[in-house]
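Hi everyone, thanks for coming. Could you pull up the model on your screens, and then we'll walk through its open and enclosed spaces together?

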Amino acid sequence: MHGEYKAPGEKLVVVDLDVEDGVLRRVRVAGDFFLEPDEAILSIDRALEGAPADTDASGLAARIDAALPPGTQMYGLTSEGVGIAVRRALAHATDWTDYDWQLVHEPPQSPALHMALDEVITAEVAAGRRPPTLRVWEWGAPAVVIGSFQSLRNEVDAEAAERHGIGVVRRISGGGAMFIEPGNTITYSLSVPDALVQGLSFADSYAYLDDWVLGALGDMGVKAWYQPLNDIATEAGKIAGAAQKRMVTGAGAVLHHVTMAYDIDADKMTEVLRIGREKLSDKGTTSAKKRVDPLRRQTGLPREAVIERMIASFRRRYGLTEGRVTEEELAAAKELAESKFSSPEWTARVP
């Protein structure tokens, strides 16, 4: 069995192993990390040898920590990361480069249709009828997108939203509300087979699926990092929020979508969104305006150039071919946008 894992900011960890009689055998850990002293790598292998195959990543990390020679120094490597690589090997997890990725980047669509396309495309990936897909959104209208479990009246000032001509849609994933204006937002979705995140905890899967965009931002001079559970942050403030939905039909798939603030009308946002004091305080700030720092200021690039560089970065890493939404997918999404995502029953399902 073979497993690989690279945490954001860390080096690649590779584990090869067998399982016999319910325990790990012939474990070999490798990678492009740095480790001192040299013999510590043998201590890691020995610590994993004989471990019950159902040991979780934390338990495997504890075995490694207990076996390391005094004064061991790890660079680009953590015991937890090794444990995750083992779990991915045992789960027969796949890697990004195992797939032929497809890009979908089409003209502006309504907010309700975007919600529906996410659901339809990810279901198609789960069923094996569509390859793993990176979809870059273009917004046809301003909107507030609320999380699947959020209270509509607690999150949105309906009067202010109507005054500014901003509609409200509810997505299928959890997380917080997003304030959207065409031209001021960069949104993308990853619809990936469940096998890509096998062996990862829910929290670890966020970091894993966000890693490529951190590299893309770094190439544009933006030092960004993953901030648990679902934020992408910089020293100047938050620039993006992520959310996920797991599809259990077929072989299973994960929808991971991210909204990034390219520019923002902070005054309008704070009128329309009811941003609670607790949400602000746990981010270490008292002003919603200070929480978000747009990419326009940090990169100095036009929005289209930021998107082009993000796509190019993904293509260099994993390969990416041009694709489109099929006629069948679009028809299904239009029906779903009308029957579900435009319906008051769905939008206000948590009043």
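One definition before we start: when I say helix or strand, I mean a DSSP run, with at least four residues for a helix and at least two for a strand, numbered from the N terminus. Please also keep in mind that this is a predicted model.

Let's begin with a pocket. The second largest pocket has a volume of about 250 Å³. It is lined by 18 residues, and those closest to its centre are Tyr 5, Ala 7, Pro 8, Asp 204 and Ala 207. Which elements each supply at least two residues of this lining? They are helix α3, residues 79-90, helix α7, residues 202-219, and strand β12, residues 224-227. By class, the lining divides into 11 nonpolar, 3 polar and 4 charged residues.

Now stay with α3 for a moment, and find Ser 79, which is placed in that helix. Is Ser 79 buried or exposed? Ser 79 is buried, because its relative accessible area is 6%, and the cut-off for buried is under 20%. Leaving out residues up to four places away in sequence, Ser 79 touches Ala 61, Ile 64, Asp 65, Leu 68 and Met 74.

Helix α3 turns up again around α1. The buried residues of α1, which covers residues 40-48, are Ala 40, Ser 43, Ile 44, Asp 45, Ala 47 and Leu 48. Residues three or four places apart point the same way in an α-helix, because there are 3.6 residues a turn. The cover over the buried residues of α1 includes β3, β4, α2, β5 and α3. After α1 comes Gly 50, with a positive phi near 85°.

Strand β3 also pairs with β2, in the antiparallel sense and over 7 bridges. One of the partnerships joins Val 15 to Val 29 in β3. The hairpin of these two strands has 2 residues between them, and Asp 21 there takes a positive phi near 55°.

Finally, the enclosed spaces. How many cavities of 30 Å³ or more does the structure hold? There are 2. The largest has about 60 Å³ of space, and β6, α4 and β7 each give two or more residues to its lining. That lining has 6 nonpolar, 3 polar and 3 charged residues.

The second largest cavity holds about 50 Å³. Its lining includes Trp 212, Met 310 and Thr 187, and by class it has 8 nonpolar residues, 1 polar and no charged. Strand β7 appears here too, with β11 and α12, each supplying at least two lining residues.

Thanks, and I'm happy to take questions.

How values were computed: Residues are numbered from 1 along each chain as its sequence is written. This is a predicted model: local features need pLDDT of at least 70, side-chain atom pairs count only at pLDDT 80 or more; totals for chains, interfaces and linings use all residues. Side-chain values use heavy atoms; hydrogens and water are left out. On a 1 Å grid over the protein atoms alone, a cavity is a set of points where a 1.4 Å probe fits but cannot get out, and a pocket is an open set with protein on both sides within 12 Å along at least five of seven lines; lining residues have an atom within 4 Å of a point. Grid points are joined across faces, edges and corners, and a volume is the space filled by probe spheres set on the points. Ala, Val, Leu, Ile, Met, Phe, Trp, Tyr, Cys and Pro count as nonpolar, Asp, Glu, Lys and Arg as charged, and the others, Gly among them, as polar. Buried means under 20% relative accessible area, exposed over 50%, partly exposed in between (1.4 Å probe, protein chains only). Contact means heavy atoms within 4.5 Å. Two strands pair if DSSP finds at least two bridges between them.
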